[in-house]
Amino acid sequence: MHLKKLTLYDFKNYEEAHFTFDNKVNCFLGKNGVGKTNILDGIYYLGFTKSALNGVDAQNIRHGKNQFIVKGQFSRNNQSAEVICSYAIGSKKIIREDGNDTKKLSDHIGRYPIVLVAPNDIELIWGGSELRRKFFDSLIAQLDKNYLEHLIIYTNQLKQRNSLLKFSADRRLDYDLLETYDQRLIHSGNYIHQKRAAFITSFLPLFKDHYAFLSGEAEEEVDIEYKSDCTDQDFGVMLKNSIKRDVILQRTSVGIHRDDFVFTLGAFELKRIGSQGQQKSFLIGLKLAEFQSIENVKKIKPLLLLDDIFDKLDDERIHKLVALVVDGTFGQLFITDARPDRSRKLLEDANVDAELFLIDAGKLVEV
Ligand SMILES: Nc1ncnc2c1ncn2[C@@H]1O[C@H](COP(=O)(O)OP(=O)(O)OP(=O)(O)O)[C@@H](O)[C@H]1O
Ligand SMILES: [Mg+2]
């Protein structure tokens, strides 16, 4: 899949900007704060119907204006498609595909697959388990529509069950109602658990391969361990056994909402011992494996957005990364770099014919 053209109207710091892209490598260069990441975010909107950075749509409208429009011309399965995402204050966000409004935004997600590698991904390593669950959930949901349905059911039932537990502090616990919630929790919880476990099994070899390639077989053994209450025990039995504790805590203390994916380097947790470069390589490995998982299922190469990826990687790792691009493992690529000379040289050294866009204060100054 390729993005051939992109137009931004009143999107973040762009009043109006038109881009025509190369099928392989596109590089946005310019000083800090000029709007390089904003272009990637515009592309991200076309795939995910939301920003990767700011969840409040209104804040992505150019200051002082009341609507943004992001327009993309794609080529997918050799067919051309136009996707428009627009948002006006006080109205519903619109996704329009070839002139037709999409009824449910969630139906759109995954149709134009995109993988973004960004500096704040580091939170996946440093942050709490919720972020890692979100990463894998969003990935699995793109590949399996039922998964999203079960996640929604589970989250909803969990909320209701927790309110019931809170409510029972001053009244008798309504066991019939609890049983209804539990049955639904068990059904969806088991589905989610089984999918997460199966997904990690297929994801791990892809991830390890990419990491090994990037690190040049530097004897760095990486792993992801899926940890879940439900791995060795029956979820239904656990819920029953924990009811006394749940009433005291006023929340559900077992279940897949507590799952974690533990990242390790050697025998230790990555966040404790990994160097910055190792952590960055780990993240890139995760994202490249995400790319492949999507490609394997959808038979479409996602767009790959690499935001400031060259920082913190040593030259050897950068060259390996560029090599993957050159050999066609990836499809179309969008890179940002605040150091134009570095990118120019890297691409030249690798003999990559890239389209360079020089950005200054929300304007394209040179093509
Ligand atoms: N809604 C908005 N309206 C106007 N300007 C905005 C809006 N949102 C963000 N900006 C501006 O966009 C700029 C940041 O753009 P961006 O993050 O794309 O920069 P960058 O080129 O990626 O910089 P860096 O090299 O530091 O990563 C800031 O100057 C910010 O004020
Ligand atoms: Mg940036």
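Which helix gives the most to the shell around ligand 1? That's helix α1 (residues 36–48), with three residues; helices here are DSSP runs of H or I with at least four residues, strands are E runs of at least two, and both are numbered from the N terminus.

A quick note on the ground rules: this is a predicted model, where local features need pLDDT of at least 70, side-chain atom pairs count only at pLDDT 80 or more, and totals for chains, interfaces and linings use all residues. Residues are numbered from 1 along each chain as its sequence is written, while chains are lettered from A and ligands numbered from 1 in the order in which they are written.

Back to the ligand: 18 residues surround ligand 1, the closest being N13, N32, K36, T37 and N38 (a residue counts if its C-beta atom, placed from the backbone, lies within 6 Å). Here is how that shell compares by class with the α4–α5 contact.

| Site | Nonpolar | Polar | Charged |
|---|---|---|---|
| Shell around ligand 1 | three residues | eleven residues | four residues |
| Contact of α4 with α5 | five residues | no residues | one residue |

Nonpolar covers Ala, Val, Leu, Ile, Met, Phe, Trp, Tyr, Cys and Pro; charged covers Asp, Glu, Lys and Arg; the others, Gly among them, are polar.

As for that helix pair, D137, I140 and A141 in α4 meet Y147, L148 and L151 in α5, with contact taken as C-beta atoms, placed from the backbone, within 7 Å.

Zooming out, the protein chain has twelve helices and 15 strands. Its C-alpha atoms fill a box of roughly 70 × 55 × 35 Å along the principal axes.

Definitions and conventions:
Two residues are in contact if their C-beta atoms, placed from the backbone, lie within 7 Å.
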